[in-house]
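Please look over the model shown here. A short report on it comes next.

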Amino acid sequence: MTPLESLALARGTVDRVTEKRTDVPWLDAAWQDPGSRVLVVSAGQALVRTDDERVDLVFVPPRDAPEGTRFLLGQDADGTVYFGVSADLPAPPPGTRAAALREVGALLSDRDAGLLTHAVALANWHDTHTHCPVDGTPTVPDPGGHSTRCPADGTEHFPRTDPAVIMLVTDPDDRCLLARNAAWPGRRVSILAGFVDPGESAEQAVIREVAEETGIKVTNVRYVGSQPWPMPRSLMLGFRADAPAGQAITVDHEELAEAYWFSRDGLLAAIRSREIILPPPVSIARHIIESWYGGPLPSTWTEAGRS
Ligand SMILES: [Zn+2]
């Protein structure tokens, strides 16, 4: 099957210039350059400017950036260097507001979606990994902000990412399995998902999670694409899988409230009658469902929240 394309948080045009993360003279010169751009992020949010057509990130020059943990995001084709700073957001200038990645990730340009996803992921890591896991000493960020070091024992620490699997399961009639998580309000449904266990492959996690949550044993697990989901630090690995005939759904009520098979016509009818609401376009779940369906579907969680 065709790999997923245009995933909202798997975009980006800025070169990460990873070789510059340890180049202190280069980093210092870039920070002194008034043309450099700094994105301030706090608790997964940044300032954005919204008009009818688009949403843009609001950057500040380095001299206006607040004190905070600084990290290099990359360099544009035109030479502009981008930094992130994890700190309280500045007071929003007129026409701007604070917005979360989850809210605006699908509305930003490719460049801005990539920068905000990268910055939120790094800021989340810095905010929650402040001490050495070996001896508890406060760690010190390296100049590029992509690792930290323990001044007591010299150990080096790198950003953490938690792999998670998300999978669309189909039965022999090509109906797809959608479920409502017990923690979700109202009529929201999605495909199944779960974290990869230590010492487990992604494919094994798909098989285990589907069986645990619905009692269905799947085969033919195949990868379809991925996107980062730094809320706070996941990488979503998308899969399709087949459910051989003759299996009944047995919902694990710890995690799921209900799970059902949907034909394409049945899904569209359930959406139109507002029995169910699909995840928003920023999610990989939405893309995998629409890829199975064969085109765009109406309704999202956010739209339903507005109406
Ligand atoms: Zn240490």
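The notes below cover confidence, a metal site and one loop residue.

This is a predicted model, in which local features need pLDDT of at least 70, side-chain atom pairs count only at pLDDT 80 or more, and totals for chains, interfaces and linings use all residues. Residues are numbered from 1 along each chain as its sequence is written, and side-chain values use heavy atoms, with hydrogens and water left out.

**Confidence.** The chain averages a pLDDT of 94 (the predictor's confidence in each residue, from 0 to 100). Of the residues, 96% score at least 70. Over residues 303-307 the pLDDT is below 50. Where pLDDT is low, the predicted coordinates should not be read in detail.

**Zinc site.** Cys132 (SG), Asp135 (OD, listed twice), Cys150 (SG) and Asp153 (OD, listed twice) coordinate the zinc ion at 2.2 to 2.7 Å. Donors are N, O and S atoms within 2.8 Å of the metal (3.2 Å for Na, K and Ca); water is not among the atoms, so sites may look incomplete. Along the chain the donors follow the spacing C-x2-D-x14-C-x2-D.

**Burial.** Buried means under 20% relative accessible area, exposed over 50%, partly exposed in between (1.4 Å probe, protein chains only).

| Residue | Relative accessible area | Class |
|---|---|---|
| Cysteine 132 | 3% | buried |
| Aspartate 135 | 37% | partly exposed |
| Threonine 80 | 18% | buried |

**Threonine 80.** Not counting residues up to four places away in sequence, threonine 80 touches Gly35, Arg37, Gly74 and Gln75; contact means heavy atoms within 4.5 Å.
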